[in-house]
Amino acid sequence: MSGGEACDGKKLVRSSSGLRMVPEHHAARSPFGLDEPPWVPDKDCPRCMQCETKFDFITRKHHCRRCGKCFCDKCCSKKVPLSRMCFVDPVRQCAECALISQKETEFYDKQLKVLMNGATFSVARGTSEKSEMMVCRLSNNQRYLFLDGDSHYEIEIAQISTVQILTEGFTPGEKDIHTYTSLLESQHITEGGNTRATGMLLQYKVPGSEELTQMKFTASEDFNSNKKLSAAWLAAMHKAAKLLYESRDQ
């Protein structure tokens with residue numbers, strides 16, 4: 001078992017928001033995770049922060065577990081899974097946060113599995129034109145990208161500074177369009193449809209060095225099934241990069 005695949009112990013903790021299953025050490029947390037927000041003090045919210053209904057003995061206050069703001073029951077009634085904060089059970093969230101968490105559930109239920117199962121790419125390091133066929137996958141603890149071929153690389157997710165995707169557009173009546181788009185932007189990339197992901201540029205720091213190392217991933221053209229699998233992996237990586245950006249910006 002490689003250092004990046006080492007098992008991290010977990011513990012069950014109880015907060016005012018609910019039960020959470022978290023790593024024993026903060027350094028072992030998932031790079032996609034979010035910290036619990038501080039709750040807006042009761043004394044600072046005499047009214048619902050959504051509909052402005054005044055709180056009283058009948059209309060009680062409820063805090064959204066994702067944003068920490070204060071709402072009435074009508075505006076904060078949904079209980080939705082919040083995997084990014086490691087809650088064991090669905091927790092109360094306001095309508096806006098519940099919608100975001102529901103969308104993220106697809107990432108945790110489906111796309112994480114795609115990333116962990118891996119896909120095959122032609123990988124070139126730095127500015128070299130020499131490439132190597134490698135299987136790229138996300139580690140079980142979500143903290144590393146493993147690249148396995150004749151060589152082996154472990155890229156720490158926390159050290160990734162830039163992720164860009166290479167897309168192939170299919171516009172009727174036009175030739176294929178190849179563009180680089182940042183995965184940290186809002187453009188939607190899918191494994192099918194009008195825009196298909198065909199490759200990726202990754203820049204990251206190697207521990208002990210301040211210089212950036214670059215990797216270029218190109219989807220395999222050998223088999224159609226491999227091409228589809230690689231496109232699905234890149235689409236999942238697109239979503240992962242957005243979550244990674246949000247976690248760092250917290």
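This is a short walk through one predicted chain, from its overall make-up to its cores and a few single residues.

Before I start, a word on how to read the values: the model is predicted, so local features need pLDDT of at least 70 and side-chain atom pairs count only at pLDDT 80 or more, while totals for chains, interfaces and linings use all residues. Residues are numbered from 1 along each chain as its sequence is written, and side-chain values use heavy atoms, with hydrogens and water left out.

Let me begin with the whole chain. Its secondary structure comes to two helices and 14 strands, where helices (H or I, at least four residues) and strands (E, at least two) are DSSP runs numbered from the N terminus. Buried residues make up 42% of the 250 residues; buried here means under 20% relative accessible area, exposed means over 50%, and partly exposed lies in between, with a 1.4 Å probe and protein chains only. The accessible surface comes to about 14300 Å², and 50% of that belongs to carbon and sulfur atoms, the areas coming from the Shrake-Rupley method with a 1.4 Å probe, and for residues only the protein chains shown count as cover. Among contacts between residues at least 6 apart in sequence, 50% join residues at least 24 apart, a contact being heavy atoms within 4.5 Å.

Now to helix 1. What span should its 23 residues have at 1.5 Å a residue? For residues 95-117 the answer is 33 Å, and the end C-alpha atoms are 33 Å apart, which agrees; the expected span is 1.5 Å times one less than the number of residues. Even so, helix 1 bends by about 40° at Q111, the bend being the angle between axes fitted to the seven residues ending there and the seven starting there. The buried residues of helix 1 are C97, A98, S101, E104, F107, Y108, Q111, L112 and L115, so Q111 is both the place of the bend and one of the buried residues. As background, an α-helix has 3.6 residues a turn, so residues three or four places apart point the same way. Just after helix 1, G118 takes a positive phi of about 85°.

That brings me to the cores. A nonpolar core is a set of buried Ala, Val, Leu, Ile, Met, Phe, Trp, Tyr and Cys residues joined through side-chain atoms within 4.5 Å. The largest one has 32 residues, of which F32, L145, L147, F217 and W233 touch the most other members. Two or more residues each are given to this core by helix 1, strand 7 (119-125), strand 8 (131-138), strand 9 (144-148), strand 11 (160-169), strand 13 (195-205), strand 14 (212-219) and helix 2 (224-249), and the largest share, eight residues, comes from helix 2. Leaving out residues up to four places away in sequence, W233 touches V114, L115, G118, A119, F121, C136, R137, L145 and M200. Apart from this core lies another, of eleven residues, among them F71, C75, C76 and C94.

Next, some single residues, starting with M134. M134 sits in strand 8 and counts as buried, at 2% relative accessibility. Its C-alpha atom is separated by 5.6 Å from that of T120, although the two are 14 residues apart along the chain. Beyond its neighbours within four places, M134 is in contact with residues including T120, F121, L147 and H152.

Is R20, in strand 2 (residues 18-23), buried or exposed? R20 is buried, with a relative accessible area of 15%, and its side chain reaches the backbone oxygen of M85 at 2.7 Å. Outside its neighbours up to four places away, the residues that R20 touches include E36, M85 and F87.

In the loop between strand 2 and strand 3 (62-63) we find E52 and also C48. E52 is exposed, with a relative accessible area of 57%, whereas C48 is buried, at 2%. C48 is in contact with T53, F55, C70, F71, C72 and C75, leaving aside neighbours within four places. As for E52, its C-alpha atom lies 8.7 Å from that of C72, 20 residues away along the chain.

I will finish with backbone angles. E52 has a positive phi of about 65° although it is not a glycine. Q142, in the loop between strand 8 and strand 9, likewise has a positive phi of about 65° without being a glycine, and Q142 is buried, with a relative accessible area of 13%.

Key: A polar contact is a pair of N or O atoms within 3.5 Å; within protein, one must be able to donate a hydrogen and the other to accept it, and residues adjacent in sequence count only if both atoms are side-chain atoms.
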